[in-house]
Each structure stands twice: as C-alpha cells, then as structure tokens.
Amino acid sequence: MAVTHTLTIIKPDAFGAGKSGQIVAHLEQAGFRVVAARVARLTTEQAEGFYEVHKERPFFRSLVAFMSSGPCMPLVLERADAVAELRRVIGATDPAEAADGTVRRLYAESKERNAIHASDSDENAKRESGFFFAEMELIANRQVNER
Ligand code: CMP
C-alpha cells in the first residue's frame, strides 16, 4: 500500500481538555508520522470555509460555532494508506458508535464535540492540508513526494 498523507484536526474540545499530547501519541503508535502541525484559533469565516461541504446541514451553524470556540491543532500525517487508516483509528463520527480503543471512543464527548477530524478522501486531504499549511512546509517534511 502506498505511503500517502491526510489532514487531521484535534478539535477545541480535546485540545482545550489537554488531550492533544495523548492523541498525537496514539496516532504515532498507530504508525503515523507528523509532517506538519500548528495550533490555530479559527475565525467564524475560516470554520465556515473549512466545512463548506456541510453548509446545508442542520448542524452547520453549531459546528462552526464549536470549531471557532477555542484553539485547535491541525496536523498533516503520513503513513501507508493514510486516509483510510486514520478514519479506522479515530472511529465513527458518534463516539457512542465508535469501536473500543478508537480516538473518538476514548476522548470524544458527542457527535459534534467529537475530539478529532480526519479527511475523507485523498482529494480532500490535499485541499484540507492546503487550508492550514503552505506547500513549502509540506514538501520539506514529507518522506515521500506524493502530490
Ligand atoms: P468531522 O469528521 O469533523 O466532519 C464534520 C463534522 O460535523 C463531524 O466531524 C462532527 O463534528 C459534525 N457532525 C456530523 N454529524 C453531526 C450531527 N448529526 N450533529 C452534530 N454534528 C455533527
């Protein structure tokens, strides 16, 4: 399986609760390597832009308010089959449905305040990585130069 990249965000609930170190350790133990990381406080407009695909959903305004309520930690991660593997490791959107041992089962509070985001396709991983990080940072730190 090819080494690829994905974008994750440790969301304001988990970051604010001081869980970012444990979550990054969990991801590293699952075989992910951190390519880029930062702490960011999203504005309302930035949260709207990031979650634009959900703008018609009933939870959109609440999601935007939550994601701009405090600092979060976006990271670009690298490993074999990164998108699918990260979604497996974080578990279902709703922590009540997430498998035992997944990040959301361990750290999430609810379907909205669910601790962590993961890109859902290679195409979205590229878009979402570009939302938070400059091409320069991504190229410098990659082990493989997949575009
Ligand atoms: P995420 O993986 O970041 O993608 C979209 C986010 O919307 C999701 O995690 C949740 O935080 C939120 N979300 C998805 N479905 C619902 C829902 N039914 N009610 C509230 N929030 C939701």
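## Ligand site, sheet and helices

The residues around the ligand are K11, Y51, H54, F59, L63, T93, R104, K111, E112, N114 and H117. The model is predicted. Three of these residues, Y51, E112 and N114, are worth a closer look, and the table lists a polar approach for each.

| Residue | Part of the residue | Atom of the ligand | Distance |
|---|---|---|---|
| Y51 | polar side-chain atom | oxygen | 2.6 Å |
| E112 | polar backbone atom | oxygen | 2.9 Å |
| N114 | polar side-chain atom | oxygen | 3.2 Å |

Note the part that each residue uses. Y51 reaches an oxygen atom of the ligand through its side chain. E112 does so through its backbone. N114 again uses a side-chain atom.

**The strands**

Start with strand β3, which spans residues 73-80. Is β3 largely enclosed or open? Of its 8 residues, 6 are buried, so the rest of the structure largely encloses this strand.

Strand β1 covers residues 3-10 and pairs with β3. The two run antiparallel and are joined by 8 bridges. Two pairs show how they line up. V3 sits opposite A80 of β3. I9 sits opposite P74 of β3.

Strand β2, residues 33-37, also pairs with β3. This pairing is antiparallel too, with 4 bridges. Here A36 has V76 of β3 as its bridge partner.

β1 has a further partner. It pairs with β4 in the antiparallel sense, over 3 bridges. In that pairing, T8 is matched with A118 of β4.

How many residues of β1 are buried? The count is 7 of 8, and β1 is mostly covered. T4 belongs to this strand. Its relative accessibility is 13%, so T4 counts as buried, the cut-off being under 20%. The side chain of T4 also reaches the backbone nitrogen of A82, at 2.9 Å. A82 is one of the buried residues of helix α5.

**Helix α5**

Helix α5 runs over residues 82-90. Its buried residues are A82, V83, E85, L86, V89 and I90. Where on the helix do these residues fall? Looking down the axis of α5, they lie within an arc of 170°, so they line one face of the helix.

What does that face pack against? The buried residues of α5 pack against strands β1, β3 and β4 (116-118). They also pack against helices α2 (20-29), α6 (103-107) and α7 (122-132). After α5 comes G91, with a positive phi near 90°.

**Helix α2**

In α2, the buried residues are S20, I23, V24, H26 and L27. They cover an arc of only 155° around the axis, which puts them on the same side of α2. G31 follows this helix, and its phi is positive, near 100°.

A25 is also found in α2. Is A25 buried or partly exposed? Its relative accessible area is 29%, so A25 is partly exposed: buried would need a value under 20%. A25 and M73 lie 48 residues apart along the chain. Their C-alpha atoms are separated by 14 Å.

**The nonpolar cores**

The largest nonpolar core has 20 residues. Which residues have the most contacts inside this core? They are I10, I23, L27, F32, L86 and V103. Several elements contribute. α1 (12-16), α2, β3, α5, α6 and β4 each supply at least two residues of the core. α5 gives the most, with 4 residues.

Take V103 from this core as an example. Setting aside its neighbours within four places in sequence, V103 is in contact with I23, H26, L27, V89, I90, A108 and I116. Some of these names have come up before. I23, H26 and L27 are among the buried residues of α2. V89 and I90 are among those of α5.

Another core lies apart from the largest one. It has 18 residues, among them I9, V64, M67 and F132. I9 has appeared already, standing opposite P74 in β3.

**In brief**

β3 pairs with β1 and with β2. β1 also pairs with β4. α5 and α2 each turn their buried residues to one side, within 170° for α5 and over 155° for α2.

Definitions and conventions. Residues are numbered from 1 along each chain as its sequence is written. This is a predicted model: local features need pLDDT of at least 70, side-chain atom pairs count only at pLDDT 80 or more; totals for chains, interfaces and linings use all residues. Side-chain values use heavy atoms; hydrogens and water are left out. Buried means under 20% relative accessible area, exposed over 50%, partly exposed in between (1.4 Å probe, protein chains only). Two strands pair if DSSP finds at least two bridges between them. The arc is that of the directions from the helix axis to the C-beta atoms. Contact means heavy atoms within 4.5 Å. A polar contact is a pair of N or O atoms within 3.5 Å; within protein, one must be able to donate a hydrogen and the other to accept it, and residues adjacent in sequence count only if both atoms are side-chain atoms. A nonpolar core is a set of buried Ala, Val, Leu, Ile, Met, Phe, Trp, Tyr and Cys residues joined through side-chain atoms within 4.5 Å. A residue is near a molecule or strand if one of its heavy atoms lies within 4 Å of it.
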